[in-house]
Amino acid sequence: MDLLNTLVDKGLRRELPTREEALAVLATSDDDLLDVVAAAGKVRRQWFGRRVKLNYLVNLKSGLCPEDCSYCSQRLGSKAEILKYTWLKPDEASQAAAAGVAGGAKRVCLVASGRGPTDRDVDRVSKTIEAIKEQNEGVEVCACLGLLSDGQAERLRSAGADAYNHNLNTSEGTYGDITTTHTYADRVETVHQAQAAGLSACSGLIAGMGESDADLVDVVFSLRELDPDSVPVNFLIPFEGTPLAKEWNLTPQRCLRILAMVRFVCPDVEVRLAGGREVHLRSMQPLALHLVNSIFLGDYLTSEGQAGQADLDMITDAGFEVEGAGTTTLPTHRARHGGECGSHDGGCAPCGDAPGEAAAESPEVPAARTDLVAVRRRGAGTDLAPNA
């Protein structure tokens, strides 16, 4: 397929595809899916070999968020029956992080619900970062605390944070349909603040919220321009009790096409398979490893993932290897930070001579798989052992 040959050549040169080419990837047929995965896999292997980086989430403060993000089980007005607790103490967070590191995680992601941290919150998280780094030599720490105020990114960096996560989530044109309590521009500004402070930027998206192909391409092109080092791709988990509970728009094939498109647009970036992979990719998760070079190990913020050992077995069985602590994740030309560096719980026509041509028929809406949405009841904030 000429399209795929073109995209592979561009990916190996780190050249940006056209919007029409990116749209064409999303419009390919299921008959062409393995060809798409194989093509994007060539780009993935060029920059990351067969390594898979493991990341581990620690939810420092769960629920009761004042923001109204429609996808989120922790949002203002959410009726989702999730765990709700205030800030973990540094030693509690460090113990939770240690479980992930013992399971093979190279990066620990510290997440807290809320619009953004107060200065006191930054002090608290700084102590937590110091505790984790003292206990786990060489581990990367990424903070995800919401919108940052002036000077807060620098303070986190001074405390030992390697990265900061703040996702764009969806396109600028549709952002107001998803969230009203802050803006798309607010999110972009926070990523810029993290980068200016010397933190490795982590920013991604959520697919499956009812967006169009054009919206997906818009947000991924915006991410390419923003130039984060890590791009988490979340697939919406339609929690009961949230406004998007009925949005079941994804098939495993659709998810793989989205991941392939992200890889072609962001060829040399750490593309992370994040929240919702178990719900939407299901038995086709191993194919996604040919597209992404990073996943979350175990559970997410408010939902349960598959068993940590199952993640490790999947990586081995698919012919990949867990990235070691002493290995640099990013290609040399991107590894510009002294220390390298989310996730959210979420959530066709053949490709011919006219890239991006609209599908002749609308794809069949998949059946809701509510049986696969499991609220987290273990790990941080509970007395039960974490899944790692």
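Two rings of Phe, Tyr or Trp count as an aromatic pair if their centres lie within 6.5 Å, and such a pair is called edge-to-face when the planes are over 60 degrees apart. In this predicted model, the structure holds 2 aromatic pairs.

One of them joins Tyr175 and Tyr184, with 6.1 Å from centre to centre and 70° between the planes, an edge-to-face arrangement. Both Tyr175 and Tyr184 are buried.

Phe296 and Tyr300 also form a pair: the ring centres are 6.4 Å apart and the planes stand at 75°, so this pair is edge-to-face. Phe296 counts as buried because its relative accessibility is 0%. Tyr300 has a relative accessible area of 3%, and therefore is buried as well; the cut-off for buried is under 20%.

Another aromatic ring, that of Phe320, has a charge placed over it. The charge belongs to Arg50, whose charged end lies 4.4 Å from the centre of the Phe320 ring.

From the rings we turn to empty space. Rolling a probe the size of a water molecule over the atoms shows where such space is left. The second largest pocket contains about 200 Å³ of space. Its lining includes Leu88, Glu92, Gln95 and Ala96. The lining also takes in Gly379, Ala380, Gly381, Thr382, Asp383, Leu384, Ala385 and Pro386. Sorted by class, the residues that line this pocket are 6 nonpolar, 4 polar and 2 charged. Glu92 and Asp383 belong to the lining, and Glu and Asp count as charged.

Conventions
Residues numbered from 1 in each chain as written. Predicted model: local features only at pLDDT ≥ 70, side-chain atom pairs only at ≥ 80, totals over all residues. Heavy atoms only, no water. 1 Å grid on protein atoms, 1.4 Å probe; cavity = no way out; pocket = protein on both sides within 12 Å on 5 of 7 lines; lining within 4 Å. Points joined across faces, edges and corners; volume = space filled by probe spheres on them. Phe/Tyr/Trp six-rings, centres within 6.5 Å; stacked < 30°, edge-to-face > 60°. Buried < 20%, exposed > 50% of the residue type's maximum accessible area, 1.4 Å probe, protein only. Lys NZ or Arg CZ within 6 Å of the ring centre and 35° of its normal.
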